[in-house]
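Reader: Please take a close look at one part of this model, the salt bridges, and set out the details in order. A short word on a buried residue elsewhere would also be welcome.

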Amino acid sequence: MSHHLFLLSPSDTPIYSLTHYSSKPVQSTSYPLTSNLPTWSTSAFAGTLTALSGASSATQSHHVPGGGMIANASLDNIEDVMRRENAMYLKSVDKFNEWTISAFITPGNVKLILLHEAKNDEGIRAFFHDVWELYVKTMLNPFHTAHTVIRSAAFDTRVRASAKKNL
């Protein structure tokens with residue numbers, strides 16, 4: 001299972017991104033309508049794209065082609081939800097194929113966008129709070145502005161540690 005984090009500045013330019021691969025098991029959801037169907041009917045085309053791409057099925061779900069583009073495409077939905085709700089954590093605001101897009105908006109209008117496959121609201125909320133706290137500490141640096149890319153190795157290490165703990 002993978003998670004893709006994007007931090008966007010107030011002007012919606014990317015300032016940080018991270019791809020995290022989790023070893024936690026994915027909760028499978030069973031759909032009552034498909035449980036009665038034979039296995040060949042629900043998985044007839046499951047390996048076609050995998051076979052054509054030459055990738056194994058285990059790694060196919062980890063790769064998000066154009067993940068940044070998916071995050072940017074969800075900005076309109078994020079702004080719509082922002083106007084309706086007075087919360088910083090917006091839970092799931094959009095869905096793209098099997099990816100759910102969750103967002104967190106800081107008071108300075110920096111957007112934290114997470115693409116994920118499984119539902120884990122409390123873990124995602126804790127992860128967003130950790131990243132926000134790390135971002136605020138980075139902003140305390142007088143040489144850093146809200147529009148500059150974050151290249152700090154310490155920031156990256158701490159975000160990865162939080163992702164490992166919460167996601």
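Author: What follows goes through three salt bridges and then turns to a serine in a loop.

The model is predicted. A search of the whole structure finds five salt bridges; among them are K165 with D130, E133 with K137, and R160 with D156. Side chains of opposite charge can pair when their charged atoms come close.

The pair of K165 and D130 has its closest N and O atoms 3.8 Å apart. This pair links distant parts of the chain, since K165 belongs to helix 8 (residues 153–166) and D130 to helix 7 (residues 121–139), with their positions 35 residues apart in sequence. The two partners fall into separate classes of accessibility. K165 has a relative accessible area of 58%, which is over the 50% cut-off, and therefore counts as exposed. D130 has a relative accessible area of 23%, so it is partly exposed, a class that lies between 20% and 50%.

Helix 7 also holds a salt bridge within itself: E133 and K137 both lie there, four residues apart, or about one turn of the helix. In this pair the closest N and O atoms are 3.4 Å apart. E133 is partly exposed, with a relative accessible area of 44%.

Helix 8 has a pair with the corresponding spacing. R160 and D156 both lie in helix 8 and are four residues apart, about one turn of the helix. The closest N and O atoms of R160 and D156 are 2.9 Å apart. R160 counts as partly exposed at 42% relative accessibility. D156 is also partly exposed, at 21% relative accessibility; because the buried class covers values under 20%, D156 falls outside it.

The serine is S9, placed in the loop between strand 1 (2–8) and strand 2 (14–21). S9 has a relative accessible area of 0%, so it is buried. Its side chain joins that of T13 in a polar contact of 2.7 Å. Leaving aside neighbours within four places in sequence, S9 is in contact with I15, N109, A146 and H147.

To return to the request, helix 7 and helix 8 are linked by the salt bridge of K165 and D130, while E133 and K137 pair within helix 7 and R160 and D156 pair within helix 8.

Terms used. Residues numbered from 1 in each chain as written. Predicted model: local features only at pLDDT ≥ 70, side-chain atom pairs only at ≥ 80, totals over all residues. Heavy atoms only, no water. Helix = DSSP H or I, 4+ residues; strand = E, 2+ residues; numbered from the N terminus. Buried < 20%, exposed > 50% of the residue type's maximum accessible area, 1.4 Å probe, protein only. Polar contact = N/O pair within 3.5 Å; in protein donor to acceptor, adjacent residues only side chain to side chain. Contact = heavy atoms within 4.5 Å. Salt bridge = Lys/Arg side-chain N within 4 Å of Asp/Glu carboxyl O.
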